[in-house]
Amino acid sequence: MIDKESDIRPIGYGAMIFEGFVGVMAIIAATTLHPADYYAINTSAATYARLGMSPVNLEMLQREVGEAVAGRPGGAVSLAVGMAQIFGSLPGMRGLLDYW
């Protein structure tokens, strides 16, 4: 708990800074995905079929992540897959893609 009322402002400010950092990382992670893969993750199968797109790296990403990520809207899955793709591009980290 907070000891005194004057501690609230720095704690709140720090929380907002951190939330801004998470937002920027979410945007970066989403932009690393191919647009067709991003829409395949964030829309239902019926909606994605109407878009007329075909996935580019989605099958490979699903295989390496170990999860079926298509058709799971909400943003958390595309954030996780995008971050896994970023960390997986680092030297020696490709084998840990399912961990990320």
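# A tour of the predicted model

Start with Phe 18, which is exposed, at a relative accessible area of 54%. Keep in mind that the model on screen is predicted.

**Stop 1: the rings**

Leave Phe 18 selected and add Phe 21. Both belong to helix 1, which covers residues 8-32. They sit three residues apart, about one turn of the helix. How many aromatic pairs does the model have? The count is two. In one of them, the ring centres of Phe 18 and Phe 21 are 6.5 Å apart and the planes meet at 35°, so this pair is tilted.

Now select Tyr 38 and Tyr 39. They also form an aromatic pair, this one edge-to-face. Centre to centre, the two Tyr rings are 5.7 Å apart, with 75° between the planes. Tyr 38 is partly exposed, with a relative accessible area of 28%. Tyr 39 is partly exposed too, at 37%.

**Stop 2: helix 2**

Select residues 35-42, which make up helix 2. Which of its residues are buried? Colour Ala 36, Asp 37, Ala 40, Ile 41 and Asn 42 to see them. Then show helix 3 (45-51), helix 4 (58-65) and helix 5 (76-88), because the buried residues of helix 2 pack against these three elements.

Zoom in on Ala 36. Setting aside residues up to four places away in sequence, Ala 36 touches Tyr 48, Met 53, Ser 54 and Pro 55.

**Stop 3: the core**

Nonpolar side chains tend to be buried together in soluble globular proteins. To see the largest nonpolar core here, select Leu 33, Ala 36, Ala 40, Ile 41, Tyr 48, Leu 58, Leu 61, Val 69, Val 77 and Val 81. That is 10 residues in all. Helix 2, helix 4 and helix 5 each supply at least two of them. Which helix gives the most? Helix 2 does, with three residues.

**Stop 4: Gln 62**

Move to Gln 62, in helix 4. Is Gln 62 buried or exposed? Gln 62 is buried, with a relative accessible area of 15%. Leave out its neighbours within four places in sequence, and Gln 62 is in contact with Glu 67, Ala 68, Val 69 and Ala 70. Val 69 is also one of the residues of the largest nonpolar core.

**Stop 5: Ala 45**

Select Ala 45, in helix 3. Ala 45 is exposed, with a relative accessible area of 64%. Add Leu 58 and check the C-alpha to C-alpha distance: 14 Å in space, for 13 residues apart in sequence.

**Stop 6: helix 1 meets helix 5**

Show helix 1 and helix 5 together. Two packed helices are described by the angle between their axes and the distance between the axes. The axes of helix 1 and helix 5 come within 8 Å and cross at roughly 75°. An angle of 65 to 115 degrees counts as roughly perpendicular, and helix 1 and helix 5 are therefore roughly perpendicular to each other.

Which residues meet here? On helix 1, pick Met 25, Ala 26, Ile 28, Ala 29 and Thr 32. On helix 5, pick Leu 79, Gly 82, Met 83, Gln 85 and Ile 86. By class, this contact has seven nonpolar, three polar and no charged residues.

End on Ile 28, in helix 1. Ile 28 is partly exposed, with a relative accessible area of 38%. Add Leu 79: the two are 51 residues apart in sequence and 8.8 Å apart in space, C-alpha to C-alpha.

Terms used. Residues are numbered from 1 along each chain as its sequence is written. This is a predicted model: local features need pLDDT of at least 70, side-chain atom pairs count only at pLDDT 80 or more; totals for chains, interfaces and linings use all residues. Side-chain values use heavy atoms; hydrogens and water are left out. Rings of Phe, Tyr and Trp (its six-membered ring) pair if their centres lie within 6.5 Å; planes under 30 degrees apart count as stacked, over 60 as edge-to-face and the rest as tilted. Helices (H or I, at least four residues) and strands (E, at least two) are DSSP runs, numbered from the N terminus. Buried means under 20% relative accessible area, exposed over 50%, partly exposed in between (1.4 Å probe, protein chains only). Contact means heavy atoms within 4.5 Å. Axes are lines fitted to C-alpha atoms, for helices over the stretch in contact, and angles run from 0 to 180 degrees between N-to-C directions. Angles under 35 degrees count as roughly parallel, over 145 as roughly antiparallel, 65 to 115 as roughly perpendicular and the rest as oblique. Ala, Val, Leu, Ile, Met, Phe, Trp, Tyr, Cys and Pro count as nonpolar, Asp, Glu, Lys and Arg as charged, and the others, Gly among them, as polar. A nonpolar core is a set of buried Ala, Val, Leu, Ile, Met, Phe, Trp, Tyr and Cys residues joined through side-chain atoms within 4.5 Å.
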